[in-house]
Amino acid sequence: MIKRWHRVLFWGMVTLTAWGAWGAPSVGMVLKSVRNEFFVEMAKGAEAYAAAHPDDLTLIVEGIQQEVDVTGQEAIIRRMIAQKVNALIVVPTDSVAMLPVLMEAIRAGILVINMDNKLDDRALVLEGVNIPFVGPSNFAGARSVGEQVAKALPPGSKVGLIEGPPGAINSRARSDGFRAALRAAGMLVAGIRSGYWDTEQGYAASLDLLRAVPEVKALLCSNDNMAIGAARAVAELGLQGKVLIGGYDHIPGVQPYIDDGRVLATADQYPGKQAQYALDLALKALAGKMAQADLPGIVQTPVELVTHR
């Protein structure tokens with residue numbers, strides 16, 4: 001029996017591989033940007049699970065550098081298909097564009113599980129396939145952040161949204177959650193920009209929105225990287241304390257911003273736990289010889305509001 005961990009950084013990808021007992025089922029996990037602390041925490045959760053179950057699986061975790069690198073994710077998945085992994089857990093960089101390569105995996109006899117960013121329901125129906133989703137309600141998490149920010153604003157305030165990529169279902173769900181909270185509080189969405197999950201692009205998007213709509217009183221950002229970028233834009237324009245910021249993910253890097261109030265609230269969706277829930281589902285499905293069609297449609301994972309204390 002061989003048990004060891006190996007980390008490699010190459011060609012813009014990170015590979016984290018665990019070798020378990022001979023004959024153990026192999027599970028591939030494909031993440032989005034490894035430059036995003038959220039997915040680093042997700043990989044750590046997967047590593048912890050594999051370390052706790054050394055005889056039960058062989059684990060391969062890979063991620064891309066850029067959040068929207070569809071081609072990079074496709075290449076990783078096709079490599080895992082060639083390696084004949086038994087199960088594949090994927091955080092898709094695009095909720096529609098990634099489905100064809102996942103169908104290739106299913107046709108190759110690999111169990112496929114969707115994690116964190118949900119695949120598009122209409123695309124799944126058109127393919128006539130069941131791919132279970134493991135993750136939280138992005139809508140509910142974002143709504144709780146929006147409600148927290150709205151409490152600190154006068155009625156009728158104008159709020160800007162800094163969204164993720166248009167092709168990501170979780171970005172849309174978070175925007176919908178923000179909108180629901182603002183609508184209930186009588187607030188107005190005065191502007192929308194996309195920061196593509198990135199700190200620098202979040203900064204540029206926030207700067208542009210604040211200059212275009214100077215009466216904006218808050219920015220609700222669909223992840224913490226963009227919230228950190230928004231905080232920089234707010235400070236640069238001398239609006240600290242005048243424009244509130246909400247984020248999402250509760251990555252380690254946002255905690256200082258929560259502590260000093262530069263970011264009023266975020267939502268923790270426990271990326272490590274998501275990975276563990278997904279791995280647990282994969283192993284149970286493989287042990288029970290479950291078909292793709294018989295896998296559960298959704299496995300809900302926790303999400304929790306985090307605020308300054």
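**Exercise 1. Establish how many cavities of 30 Å³ or more the count gives, and describe the largest cavity and its lining.**

Solution. In this predicted model, the count comes to 1 cavity of 30 Å³ or more. As a next step, we take its volume, which for the largest cavity is about 60 Å³. We then turn to the residues around the space: the lining of the largest cavity includes Lys 32, Phe 38, Phe 39, Asp 116, Asn 170 and Arg 174, and Asn 36, Glu 67 and Trp 197 also belong to this lining. Sorting the lining by class gives 3 nonpolar, 4 polar and 5 charged residues. Finally, we ask where these residues sit, and find that helix H1 (37–52) and helix H6 (169–184) each supply at least two of them, while domain 1 and domain 2 each contribute at least three.

**Exercise 2. Describe how the chain is divided into domains, and characterise the contact between them.**

Solution. The chain is divided into domain 1, made of residues 26–136 together with 272–300, and domain 2, made of residues 138–268. The contact takes 17 residues from domain 1 and 17 residues from domain 2. Taken over C-alpha atoms, the centres of domain 1 and domain 2 are separated by 29 Å. Between them the two domains bury about 1,200 Å², and 46% of this area is on carbon and sulfur atoms.

**Exercise 3. Work out where the largest pocket lies in relation to domain 1 and domain 2, and explain why.**

Solution. We begin with the space itself, since the largest pocket holds about 200 Å³. Among the residues that line this pocket are Ser 33, Arg 35, Gln 66, Val 68, Tyr 196, Asp 198 and Asn 225, and the lining divides into 3 nonpolar, 6 polar and 3 charged residues. Because domain 1 and domain 2 both give residues to this lining, the largest pocket lies between the two domains.

**Exercise 4. Decide whether Ala 87 is buried or exposed, and describe its surroundings.**

Solution. We first place Ala 87 in strand E5, which covers residues 87–90. The relative accessibility of Ala 87 is 1%, and because buried means under 20%, this residue counts as buried. Leaving aside residues up to four places away in sequence, we find that Ala 87 touches Ser 26, Val 27, Gly 28, Ile 110, Leu 111, Ala 282 and Leu 286. As a last step, we compare Ala 87 with Val 101, which is 14 residues apart from it along the chain, and find that their C-alpha atoms are separated by 14 Å.

Key
Residues are numbered from 1 along each chain as its sequence is written. This is a predicted model: local features need pLDDT of at least 70, side-chain atom pairs count only at pLDDT 80 or more; totals for chains, interfaces and linings use all residues. Side-chain values use heavy atoms; hydrogens and water are left out. Helices (H or I, at least four residues) and strands (E, at least two) are DSSP runs, numbered from the N terminus. Buried means under 20% relative accessible area, exposed over 50%, partly exposed in between (1.4 Å probe, protein chains only). Contact means heavy atoms within 4.5 Å. On a 1 Å grid over the protein atoms alone, a cavity is a set of points where a 1.4 Å probe fits but cannot get out, and a pocket is an open set with protein on both sides within 12 Å along at least five of seven lines; lining residues have an atom within 4 Å of a point. Grid points are joined across faces, edges and corners, and a volume is the space filled by probe spheres set on the points. Ala, Val, Leu, Ile, Met, Phe, Trp, Tyr, Cys and Pro count as nonpolar, Asp, Glu, Lys and Arg as charged, and the others, Gly among them, as polar. Domain bounds come from an automatic or database domain assignment. Buried area is the accessible area (1.4 Å probe) that two parts lose on being put together, summed over both.
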